[in-house]
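Visitor: I've just opened this one up, and I'd like some help reading it. Could you walk me through a few features?
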Amino acid sequence: MTRQLEDTAEASPIGAGRLAGIDRRSAIDAVRLRIGMAISLGLLKPGERLPDQEDVALGLSVSPITARRALASLADQGVVVRRRGRAGGTFVADEPPRNVLAELTASPAESHAVSRLVDRRLLFECAVTHYAAINATAEQLDELDRLTQSMAASADWSGYHQADEQFHQLVGAASGLGTAVEAYHETLAELYAYFIPYPIELLHKSNSDHVALVAALRTGDVQKAVEVSRKHVDILHRTMFMGLTDSGGIAL
């Protein structure tokens with residue numbers, strides 16, 4: 001079975017069995033939730049153009065068919081609108097139905113489970129950063145620099161998230177921890193399945209952490225590198241959807 005069929009046939013990581021006590025969601029419903037919550041929280045504004053369908057898929061780490069069906073469903077419900085022509089695309093509706101957005105909300109159990117997942121990543125991030133400061137090669141550091149530049153040049157959340165994922169995967173690889181890095185990468189993949197779109201201005205601000213991390217890795221400053229990584233991940237408790245929902249605003 002292809003990955004595309006798997007995405008539509010299997011449950012999303014949001015609500016999968018490994019996160020006990022959470023209702024199972026389809027991959028399509030999980031994408032609907034992530035976009036809907038971004039609109040409800042004001043991260044995506046009325047009239048804002050979404051990236052192309054393929055970029056939505058890449059930015060949310062799902063297959064193109066999953067992204068297409070999720071966007072089609074949201075369009076049918078009036079949450080987004082599709083326009084044709086050279087200036088066309090998919091846009092956030094000027095007045096998305098409040099009753100539909102109210103249904104696209106993470107449960108307290110989901111928020112709690114994601115918070116625990118952030119804690120797990122925090123432990124892994126500190127470990128791989130420690131050893132990356134010792135073992136990273138010049139070539140790996142140069143590539144990390146290139147990825148920070150790619151994030152700085154990204155025009156939307158999709159392009160940024162793609163470069164961000166590559167960045168953190170490479171930090172893991174640079175640690176030289178062998179098969180232990182696989183567990184870190186698995187945790188990254190689980191957590192990326194919960195990210196929602198953010199304004200690119202806020203993401204560019206977050207990229208300053210990546211720049212500071214590469215600088216610390218270049219000098220082999222283990223303590224500074226680990227502290228940068230710790231703060232970078234710990235803030236997810238306030239800037240992923242569970243923190244935004246609890247605080248009622250953007251805390252990035």
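Guide: Let's go through the empty space, the core, one helix residue and a hairpin.

Guide: First, the ground rules: this is a predicted model, where local features need pLDDT of at least 70, side-chain atom pairs count only at pLDDT 80 or more, and totals for chains, interfaces and linings use all residues. Residues are numbered from 1 along each chain as its sequence is written, and side-chain values use heavy atoms, with hydrogens and water left out.

Visitor: How many cavities of 30 Å³ or more does a search of the whole structure find?

Guide: Rolling a probe the size of a water molecule over the atoms shows where empty space is left. On a 1 Å grid over the protein atoms alone, a cavity is a set of points where a 1.4 Å probe fits but cannot get out, and lining residues have an atom within 4 Å of a point. Here the search turns up 1 cavity of that size, with about 210 Å³ of space; a volume is the space filled by probe spheres set on the points, which are joined across faces, edges and corners.

Visitor: Which residues lie nearest the centre of the largest cavity?

Guide: Phe195, Leu203, Ser206, His232 and Leu236, out of 17 lining residues. Helices H8 (157–174), H10 (200–219) and H12 (236–239) each give two or more residues to that lining, and H8 has the largest share, 4 residues. Helices here are DSSP runs (H or I, at least four residues), and strands are runs of E, at least two, numbered from the N terminus.

Visitor: What about the nonpolar core?

Guide: In soluble globular proteins, nonpolar side chains tend to be buried together. A nonpolar core is a set of buried Ala, Val, Leu, Ile, Met, Phe, Trp, Tyr and Cys residues joined through side-chain atoms within 4.5 Å. The largest one has 63 residues, and Phe167 is among those touching the most other members. Helix H6 (residues 108–135) gives the largest share of this core, 8 residues.

Visitor: Is Thr148 buried or exposed?

Guide: Buried means under 20% relative accessible area, exposed over 50%, partly exposed in between (1.4 Å probe, protein chains only). Thr148, in helix H7 (residues 138–153), counts as buried because its relative accessibility is 6%. Leaving out residues up to four places away in sequence, Thr148 touches Phe167, Asn207, His210, Val211 and Val214, where contact means heavy atoms within 4.5 Å.

Visitor: And how do strands E1 and E2 run?

Guide: Two strands pair if DSSP finds at least two bridges between them. E1 (residues 80–83) and E2 (residues 89–92) run antiparallel, joined by 4 bridges, and Val81 has Phe91 as its bridge partner.

How values were computed
On a 1 Å grid over the protein atoms alone, a cavity is a set of points where a 1.4 Å probe fits but cannot get out, and a pocket is an open set with protein on both sides within 12 Å along at least five of seven lines; lining residues have an atom within 4 Å of a point.
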